[in-house]
Amino acid sequence: MYLRHTENNLISDPKKFWSYFKNKNINSSDSLFYNYVRYENDGDIANTFADYFSSVFKPSTDFDGNDECNSNCVGDLAKIENVTYDDVVLAIRELKSSLTVGVDNIPSFIIKGCTEFLIYPLLVLFNLSLRTKVFPDVWKQTRIIPVFKKGDAQNCENYRPIAILSPFSKIFESLKAIKSFTTRLKI
């Protein structure tokens with residue numbers, strides 16, 4: 001879809017095409033080196049990136065994924081009792097239009113384009129999540145994309161991870177800021 005969009009807008013936005021072309025040539029490596037081993041299979045390359053990124057990841061807090069979830073699991077969101085129609089409208093409006101997709105495979109521009117049809121279902125879903133303190137599992141996941149920095153494109157260590165969240169997760173997160181801001185205005 002991204003390629004089709006880039007192709008259709010070649011005349012109106014040639015910079016986007018050349019940016020893609022330049023990055024494609026840099027990142028067109030068919031193999032990857034990591035720990036003195038060469039990987040050529042797509043699955044092996046993906047696993048190599050996963051191993052490297054997890055080896056350099058430094059969590060900010062100690063969290064055991066097996067910990068029992070209590071009301072503090074959602075942090076500041078647990079302080080929010082409910083969200084309103086206007087809160088959801090503002091949160092969707094703050095969402096950046098993008099062609100990238102999270103684990104749920106829904107690009108944010110679809111949500112922004114269908115706002116009027118999604119407000120009430122999202123309002124119900126968000127309030128249900130707040131009331132039951134259950135957050136959909138797919139919204140807790142991220143898609144990690146390796147982005148080339150500089151140097152040898154075949155060296156795994158020359159990439160950095162970019163996390164792509166679900167747009168619904170981004171909307172839910174922005175509700176925290178919206179509710180925090182409106183709470184301070186009322187005081």
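How many aromatic pairs does a search of the whole structure find? In this predicted model, the search finds 11 aromatic pairs, and some of them appear in the views that follow.

**View 1. Overall fold of the predicted chain.**
The chain contains 7 helices and 4 strands, which follow one another along the sequence in the pattern α-α-β-β-α-α-α-α-β-β-α. Of the 187 residues in the chain, 26% are buried, and the accessible surface comes to about 13200 Å², with 54% of that surface belonging to carbon and sulfur atoms. Among the contacts in the chain with a separation of 6 or more, 59% are made by residues 24 or more positions apart.

**View 2. Aromatic pairs around Trp139.**
The rings of Phe135 and Trp139 form an edge-to-face aromatic pair, with 5.6 Å centre to centre and 70° between the planes, and both of these residues are buried. Trp139 also pairs with Phe168, here in a stacked arrangement with 5.6 Å centre to centre and 15° between the planes. Trp139 lies in the loop between helix 6 (115–132) and strand 3 (142–148), whereas Phe168 belongs to helix 7 (residues 167–186), so this pair ties together parts that are 29 residues apart in sequence. The relative accessibility of Trp139 is 7%, so Trp139 counts as buried, and Phe168, with a relative accessible area of 12%, is buried as well.

**View 3. Ser169 beside the aromatic residues.**
Ser169 is placed in helix 7 and is buried, its relative accessible area being 3%. When residues up to four places away in sequence are not counted, Ser169 touches Phe135 and Trp139, the two residues whose rings form the edge-to-face pair of the preceding view.

**View 4. A cluster of linked rings.**
Which residues do ring pairs link into a cluster? The cluster consists of Tyr34, Phe49, Tyr52, Phe53, Phe148 and Tyr159, linked to one another through ring pairs.

**View 5. Two salt bridges between side chains.**
The structure holds 2 salt bridges. In one of them the side chains of Arg38 and Glu40 meet, with a distance of 2.8 Å from N to O; Arg38 has a relative accessibility of 47% and therefore counts as partly exposed. In another, the side chains of Lys140 and Asp137 meet at 3.5 Å, again taken from N to O, and both Asp137 and Lys140 are exposed.

**View 6. Pro107 and its contacts.**
Pro107 sits in the loop between helix 4 (85–94) and helix 5 (108–113), and with a relative accessibility of 8% it counts as buried. Leaving aside residues up to four places away in sequence, Pro107 touches Met1, Ser98, Leu99, Thr100, Val101 and Pro167. Although Pro107 and Pro167 are 60 residues apart along the chain, their C-alpha atoms are separated by 7.1 Å.

**View 7. Two residues with positive phi.**
Asn35, which is not a glycine, nevertheless has a positive phi of about 50°, and it is found in the loop between strand 1 (32–34) and strand 2 (37–39). Lys133, likewise not a glycine, has a positive phi of about 60° and is found in the loop between helix 6 and strand 3. The relative accessible area of Lys133 is 33%, so this residue is partly exposed.

**View 8. Cysteine surroundings.**
Is Cys156 buried or exposed? Cys156 is buried, with a relative accessible area of 0%, while Cys114 is partly exposed, with a relative accessible area of 30%. The structure holds 0 disulfides.

**View 9. Confidence along the chain.**
The mean pLDDT of the chain is 79, and 78% of its residues reach 70 or more. Over residues 66–74, however, the pLDDT is below 50, and beyond near neighbours in sequence this stretch has 2 contacts in the model. Where pLDDT is low, the predicted coordinates should not be read in detail.

Key: Residues are numbered from 1 along each chain as its sequence is written. This is a predicted model: local features need pLDDT of at least 70, side-chain atom pairs count only at pLDDT 80 or more; totals for chains, interfaces and linings use all residues. Side-chain values use heavy atoms; hydrogens and water are left out. A salt bridge is a side-chain nitrogen of Lys or Arg within 4 Å of a carboxyl oxygen of Asp or Glu. Buried means under 20% relative accessible area, exposed over 50%, partly exposed in between (1.4 Å probe, protein chains only). Contact means heavy atoms within 4.5 Å. Accessible areas come from the Shrake-Rupley method with a 1.4 Å probe; for residues, only the protein chains shown count as cover. Rings of Phe, Tyr and Trp (its six-membered ring) pair if their centres lie within 6.5 Å; planes under 30 degrees apart count as stacked, over 60 as edge-to-face and the rest as tilted. pLDDT is the predictor's confidence in each residue, from 0 to 100. A disulfide is a pair of cysteine sulfur atoms within 2.5 Å.
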